[in-house]
Each structure stands twice: as structure tokens, then as C-alpha cells.
Amino acid sequence: MKPIKFSPPDITRKEISEVGKALKSGWITTGPRVKQLEKVVASFCHINNCVCLNSQTACAEMTLLLLGIGPGDEVIVPAYTYTASCSVILHVGATPIIIDSQKNSFEMDYDAVEKAITDKTKVIIPVDLGGVMCDYNRIFEIIKNKQQLFSPKNDIQKAIGRIIVMADTAHALGAQYHGMMAGSIADFSCFSFHAVKNMTTAEGGAVTWKTISGFDDKEIYHKYQLLSLHGQSKDAFSKTQIGAWEYDVIGPWYKCNMTDVIAGIGIIQMKRYKSLLKKRQKIVDRYNTKLNSFNIDIYQRNRNDRVSSNHIYIVRLLDFSLQQRNEFIKKMG
């Protein structure tokens with residue numbers, strides 16, 4: 001039996017060539033290629049605003065800091081997800097409120113979410129598992145029902161005026177919900193470009209956000225730059241411009257910017273991405289056909305109101321013993 005490799009990245013000569021151009025350009029850290037990738041991702045997601053950083057985790061943590069989330073605050077997150085969805089809450093000193101899945105479902109229990117909301121709840125982090133988007137209409141309905149409990153702690157929270165939806169869209173680039181693209185639905189959406197994701201920059205991520213009334217998008221973009229570059233008021237590329245050498249360090253923040261080298265991979269990946277999504281759909285269709293006769297529960301991806309990005313193919317083995325399950329996994333590898 002031929003083994004199935006673990007998610008090798010789809011890299012072509014075009015990505016390699018673009019990385020070579022970045023290396024030869026003399027500018028390999030945050031610079032013009034990162035800025036170009038931000039524009040490309042924003043356009044793809046049908047949104048105006050995007051910042052690229054070195055991981056989805058960094059995007060999520062910097063967003064929580066931007067929103068002023070900290071000790072005394074509660075953030076709702078599903079139990080069925082990767083550790084990073086929850087660890088960023090702990091990093092900023094807030095309390096994670098972990099919600100179990102619905103019965104016979106991979107989505108979190110929305111009724112339990114509604115019951116869990118208190119006057120300390122500031123953010124909900126839905127996770128678009130496997131590239132299947134959550135029920136955002138239900139999430140925003142819950143937030144509206146509980147709006148009277150919300151008490152803002154900073155100006156951005158006050159401007160939004162309700163619990164904030166910060167989606168973990170690590171799996172979901174290219175997914176849709178009621179015709180809207182992932183990245184344009186939640187208040188903030190954090191994508192992953194890790195090596196095993198559909199679109200990769202080896203390591204990396206991006207956060208998109210909807211315009212907030214009373215806030216200039218450029219101001220929010222600049223805040224992300226401060227948080228991700230040691231609080232420097234200018235990034236390295238900006239400081240190289242004529243007469244722009246002077247800068248300030250405004251706060252003791254973090255170092256998690258994206259580099260032009262890996263952005264070069266992403267620029268080419270995004271040019272190829274629609275064709276990559278079509279290829280993934282064909283693979284999923286083939287799996288569905290071949291596995292249909294087995295005693296396996298297949299995660300329903302494309303529904304009337306949702307289009308999946310088909311990031312991972314999730315199945316449940318029904319009536320399998322632990323030994324049988326382990327043997328199945330062994331043979332798949």
C-alpha cells in the first residue's frame with residue numbers, strides 16, 4: 001500500500017523564483033512584498049483591511065491586545081479546536097470560557113454560548129473548523145440578545161458597542177457563508193499560512209477587520225504595527241525612506257512581523273489559490289465517493305448556506321473499537 005504523505009506544501013518554481021527575487025532585492029524583512037500580500041488577501045476576502053504577521057497565533061493575540069482584553073475579562077472559545085485558539089486568551093491574562101460541541105456535530109453548542117455570557121464577556125472566538133464556517137447569524141443573534149450585559153473597557157470596545165466576534169479562520173481562507181467570504185463576516189478574522197494550510201508562506205498569518213465607526217482604519221493598522229514591532233512608530237522599510245530615519249518606541253510590545261521572503265511565497269500562492277481550491281474540491285469529491293459505503297460519518301462541508309475551503313477531511317469511525325481505530329490510522333499513514 002502506498003503511504004499518504006502528511007500534507008506536503010504545493011510549491012512550484014514560481015514561488016521559488018519569487019523568494020529568489022526577494023533575496024536578491026536586498027530587502028528581506030518587512031517591506032514591499034508584505035504590503036502587497038496584505039492588499040491581495042484583503043481583496044480576496046472582499047474586505048478593506050488586512051495586516052500580515054508571522055502566525056495566526058500572533059494575529060489573534062495582537063487583536064486581543066488591540067481590543068484591550070486582559071485580566072477580569074472572559075473570552076468564549078470552543079473546546080474542539082487547536083490549542084492556539086485558547087492559549088492567546090491566557091497570554092493576555094483573560095479567562096477562557098470553553099464551550100463543548102453540539103451533539104453529533106463539530107460546531108460549538110450555540111445555546112451553551114448564550115448561557116455562558118456574563119457582564120465579563122468581551123469576545124467570542126468562533127472556529128471555522130476544517131474550512132466549514134460557523135453559524136455567524138446565530139452568533140450575532142446571541143450577541144444582540146445579550147447586549148445589555150456588555151460593558152466596554154476601551155474606546156474600540158465602546159465604538160463596537162457589543163461583544164466582539166474575533167473568528168479563528170485559520171482553516172477558512174476562501175470559505176463562504178451566505179455568499180460572504182471568510183474574513184469579511186466577523187469583526188476580526190485571523191488566518192493561518194502555516195506549512196500545512198491551503199495557502200502557505202511556510203509560517204505566517206493575516207488578520208482582516210471590518211471598519212469600526214469612529215476609527216480610521218489606518219490608525220488600527222498602525223496599532224498592529226506598533227504591537228508587532230517592539231512598539232516602534234515606523235517599520236524598518238519606512239525608516240529607510242529619505243528624511244524618515246527618526247522614530248519613537250511607544251510601548252514595550254512584541255516582535256512578530258512577517259518578512260518579505262515568506263510574503264513572496266504567499267504572493268504567488270494567492271495567484272494560484274482559486275485553482276488550488278478547485279483541486280481540493282475534486283479530492284474531497286473522490287473521498288466522499290470512495291468512503292460512502294463504509295461505516296464512517298463524513299463531516300458535511302458544502303451546505304445550502306456554506307462553501308468550505310476544504311482544509312482537512314474530518315471523519316468519525318462509527319462502531320470502531322479503540323484498537324480498530326488505531327489500526328485504521330496506522331494503515332492510513
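1. Let us start with Arg33, which sits in helix α2. Please keep in mind that this is a predicted model. Is Arg33 buried or exposed? Arg33 has a relative accessible area of 14%, and since buried means under 20%, Arg33 counts as buried.

2. The surroundings of Arg33 are worth a look on screen. Leaving aside residues up to four places away in sequence, Arg33 touches Glu18, Lys21, Ala22 and Ser25, as well as Asp260, Ala263, Gly264 and Ile267. With Glu18 there is also a polar contact between the side chains, at 2.9 Å. For a sense of scale, try Ile250: Arg33 and Ile250 are 217 residues apart in sequence, and their C-alpha atoms are 26 Å apart in space.

3. Glu18, the polar partner of Arg33, also has a part in a helix pair. Helix α1 covers residues 13-25, and its axis comes within 8 Å of the axis of α10, the two crossing at roughly 150°. The crossing of α1 past α10 is right-handed. On the α1 side, the contact is made by Lys14, Glu15, Glu18, Val19, Ala22 and Leu23. On the α10 side, Asp260, Val261, Gly264, Ile265, Ile268, Gln269 and Arg272 take part. Sorted by class, the contact of α1 with α10 has 6 nonpolar, 2 polar and 5 charged residues.

4. A second helix pair can be read in the same spirit. Helix α3 (residues 56-66) and helix α4 (residues 84-91) have axes that come within 9 Å and cross at roughly 35°. This crossing of α3 and α4 is right-handed. Which residues meet here? From α3 they are Thr57, Ala60, Glu61 and Leu64, and from α4 they are Ala84, Val88, Ile89 and His91. By class, the contact of α3 with α4 has 5 nonpolar, 2 polar and 1 charged residues.

5. Now for the rings. How many aromatic pairs does the structure hold? There are 7 aromatic pairs. One of them joins Phe44 and Tyr273, with 5.6 Å from centre to centre and 65° between the planes, an edge-to-face arrangement. This pair links distant parts of the chain: Phe44 belongs to helix α2 (residues 32-44) and Tyr273 to helix α10 (residues 260-291), 229 residues apart. Both Phe44 and Tyr273 are buried.

6. Another ring pair is made by Tyr136 and Tyr177. Why is this pair called edge-to-face? The ring centres of Tyr136 and Tyr177 are 5.9 Å apart and the planes stand at 75°; ring planes over 60 degrees apart count as edge-to-face. Tyr136 lies in helix α6 (residues 136-145) and Tyr177 in strand β6 (residues 176-177), so the pair ties together parts that are 41 residues apart in sequence. Tyr136 has 1% relative accessibility and counts as buried. Tyr177 is buried too, with a relative accessible area of 1%.

7. Rings can also be linked beyond a single pair. Ring pairs join Tyr80, Phe106 and Tyr299 into a cluster.

8. Next comes Glu107, in the loop between β3 (95-99) and α5 (110-116). Is Glu107 buried or exposed? Its relative accessibility is 9%, so Glu107 counts as buried. The side chain of Glu107 is joined to that of Arg306 by a polar contact of 2.9 Å. Not counting residues up to four places away in sequence, Glu107 touches Ser101, Gln102, Cys134, Asp135, Arg303 and Arg306.

9. The loop between β3 and α5 also holds Asn104. Although Asn104 is not a glycine, its phi is positive, at about 55°. Asn104 has 59% relative accessibility and therefore counts as exposed, as the exposed class begins over 50%.

10. A last backbone point concerns Asp319, found in the loop between β12 (315-317) and α11 (322-332). The phi of Asp319 is near 60°, a positive value in a residue other than glycine. With 73% relative accessibility, Asp319 counts as exposed.

Methods: Residues numbered from 1 in each chain as written. Predicted model: local features only at pLDDT ≥ 70, side-chain atom pairs only at ≥ 80, totals over all residues. Heavy atoms only, no water. Phe/Tyr/Trp six-rings, centres within 6.5 Å; stacked < 30°, edge-to-face > 60°. Helix = DSSP H or I, 4+ residues; strand = E, 2+ residues; numbered from the N terminus. Buried < 20%, exposed > 50% of the residue type's maximum accessible area, 1.4 Å probe, protein only. Axes fitted to C-alpha atoms, helices over the stretch in contact; angles between N-to-C directions. Left-handed = near helix turned anticlockwise from the far one by under 90°. Contact = heavy atoms within 4.5 Å. Nonpolar A, V, L, I, M, F, W, Y, C, P; charged D, E, K, R; others polar. Polar contact = N/O pair within 3.5 Å; in protein donor to acceptor, adjacent residues only side chain to side chain.
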